[in-house]
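Here is a walk through one molecular model, written for someone new to reading structures. Keep the picture open while you read.

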Amino acid sequence: MAIIIQPYRPEHEPAVQEFNRRLQAAGDPDLVFSHSSIPRWLAPGGTNSVWNEFFVAVEGSAVRGAYGLKQEMVFVGGRGMHRVACYHHPLSEGIIDRTYASVGALLARDALARQPLLYALGMGGSDRPIARMLKALGFSLTAIPFYFRVVHPRKFLLEMQALRNQHWRAILMNIAAATGTGWLAIKSAQAASGLRVRRPDFAAEEITEFSDWADVLWNRASTTVSMAAMRDANTLRLLYRPEVTSIKRIRVSRNGTAAGWAIVGLRRKDQKFGRMRVGSIVDCWASPEDMRAVVAAATGTLEKEGVDLIVSNQSHQSWTSAFENSGFLKGPSTFIFAASRKLTELLQPFEQNRMLFHITRADGDGLPANF
Amino acid sequence: MSAVFDQIRAMAADLFGVPAASIDTSSSPQTIENWDSIQHLNLVLAIEERFGVQLSPEEIEQMKSVGETVKLVESRLQAAPR
């Protein structure tokens, strides 16, 4: 029986639940597609500039695959605004049954047919199946740099499971944590890479909603990027709805005038971070001269929340400098940006322009909880 | 066996990392360990490039074995204007 990809509708929901049950039997709890055909985050509607839509691959009465598209407006330097989509949560029955090995290709090609200006973000590394598939389809892949700042070195040394995966290394880290040598080494490295800005003309406050001042910042700072998903006040109100309490919205002003903003939050528990409380600088926006003040405000807010470690992914060279000059260290990144052929053409010269892409954990499908 | 079969068998052997002699018309994702969703896509792309055809979603889904893939490509080549 033929497999047909179509918009996910309420009548597909029981078949999606069956599909999820079959995938879950494979043992990976992350293999689950939305139970609801209406996206809980960014449901389509009205004149929204950004929304999510879901598609399912249907064979008779069974669902054999599914994926999501996050439709959004993206500013491209010198080329204006374009509607672009993020390809996310592709799941295929082929994971558990090779009879359906073709479904992965069908999903990716269907997404490209619906929106040739397509990208994917995250994926857990360029060696992962989705990233490899997109590469085969001609996508350009680039890693978005990862930054971290250790707030409590002793806990970091004891809990950082990703660094403790070899027995001898775990022993050395225990010694370093117990003797204080690890604390000294981390603090020295962070101090050497810069101190946080403390200027009396900057002030930070937590806000509940974005308003007109964010439009001014969007218009001003978008001239310094080669690509950024729209972050005007309207879009920010959709992305960071006032009722979402898992994040904090920080407005930074200079001499009383808005200079930038940041979104911070506590990351979900993750085995690789052990029992650490991990804060994330999820998103940020400012002109280059105000970026360090924004990083300082975001860092200060998370430190007051009692986090042990602060992490962020940043692609724009001015932001990476601001993080490095604010005591953040660069770590290996598995956060991959993959642009379709058509999107790559739009972003030419890609290799040169990618240093000025503004991509953070807030892009793609990371919000509202997976940052 | 046809020339199309020989060419597809050679492609499949290269993509899936198995000897060409071990591939016959009944070979499928169930019988070839490395025939996963990524290699399926690579096979689609290789066929499109080699034979100058664009496969539709329905055709991609029909490629359940080497034999069915050969039949599909042969029918496309016969239907193509000369």
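Of the 82 residues of chain B, 33% count as buried. A residue is buried if 20 or more other C-beta atoms lie within 10 Å of its own, exposed if 12 or fewer, and partly exposed in between, with C-beta atoms placed from the backbone. Bear in mind that this is a predicted model, where local features need pLDDT of at least 70 and side-chain atom pairs count only at pLDDT 80 or more, while totals for chains, interfaces and linings use all residues. As for the names, residues are numbered from 1 along each chain as its sequence is written, and chains are lettered from A and ligands numbered from 1 in the order in which they are written.

## Chain B

What is chain B built from? It has 4 helices and 0 strands, so from the N terminus on the elements simply run α-α-α-α. Helices (H or I, at least four residues) and strands (E, at least two) are DSSP runs, numbered from the N terminus. The radius of gyration of chain B is 12 Å, close to the 12 Å that the globule rule gives for 82 residues, so chain B is as compact as a globular protein of that length. That radius is taken over C-alpha atoms, and the globule rule is 2.2 Å times the number of residues to the power 0.38. Along its principal axes, the C-alpha trace of chain B spans about 35 × 25 × 20 Å.

Contacts tell you how the chain folds back on itself. Two residues are in contact if their C-beta atoms, placed from the backbone, lie within 7 Å. Among contacts in chain B between residues at least 6 apart in sequence, 58% join residues at least 24 apart.

## Where the chains meet

How many residues does each chain give to the contact? Chain A puts in 19 residues and chain B 17 residues. On the chain A side, the elements that give two or more residues are strand 1 (3–7), helix 2 (103–114) and helix 3 (129–136). Helix 2 of chain A supplies the largest share, 6 residues. Sorted by class, this side of chain A has 10 nonpolar, 5 polar and 4 charged residues. Here Ala, Val, Leu, Ile, Met, Phe, Trp, Tyr, Cys and Pro count as nonpolar, Asp, Glu, Lys and Arg as charged, and the others, Gly among them, as polar.

Now zoom in on two helices. Helix 2 of chain A packs with helix 2 (residues 37–51) of chain B at an angle of about 65 degrees, and their axes are 7 Å apart. Axes are lines fitted to C-alpha atoms, for helices over the stretch in contact, and angles run from 0 to 180 degrees between N-to-C directions. From chain A, Val103(A), Gly104(A) and Ala105(A) meet Ser37(B), His40(B), Leu41(B) and Val44(B) of chain B. This helix pair brings together 4 nonpolar, 3 polar and no charged residues.

## Inside chain A

Chain A is divided into domain 1 (3–115) and domain 2 (146–332), with bounds that come from an automatic or database domain assignment. Their contact takes 10 residues from domain 1 and 11 residues from domain 2.

A nonpolar core is a set of buried Ala, Val, Leu, Ile, Met, Phe, Trp, Tyr and Cys residues joined through C-beta atoms within 7 Å. The largest one has 77 residues, and Ala57(A), Ala66(A), Tyr119(A), Ala120(A), Leu134(A) and Ala338(A) touch the most other members. Helix 2 of chain A gives the largest share of this core, 7 residues. Both domains of chain A give residues to this core, so it lies between them. Not counting residues up to four places away in sequence, Leu134(A) touches Ala108(A), Ala120(A), Phe139(A) and Ala338(A). Apart from this core lies another, of 50 residues, with Trp261(A), Val294(A), Val307(A) and Val311(A) among them.

Just past helix 2 comes Gln115(A), in the loop between helix 2 and strand 5 (118–122) of chain A. Gln115(A) is partly exposed, because 18 other C-beta atoms lie within 10 Å. It touches Leu69(A) and Ala85(A), not counting residues up to four places away in sequence. Gln115(A) and Leu69(A) are 46 residues apart in sequence, yet 9.0 Å apart in space, C-alpha to C-alpha.

## Some backbone oddities

Most residues other than glycine have a negative phi, and most peptide bonds are trans. Here are two residues with a positive phi.

| Residue | Phi | Location in chain A |
|---|---|---|
| Leu42(A) | about 60 degrees | loop between helix 1 (13–24) and strand 2 (51–59) |
| His89(A) | near 50 degrees | strand 4 (residues 80–92) |

Are they buried or partly exposed? Leu42(A) is buried, with 21 other C-beta atoms within 10 Å, while His89(A) counts as partly exposed, with 18 C-beta neighbours inside 10 Å.

There is a cis peptide bond too: it joins Gln348(A) and Pro349(A), with omega about -5 degrees. Pro349(A) lies in the loop between helix 11 (341–346) and helix 12 (350–353) of chain A.
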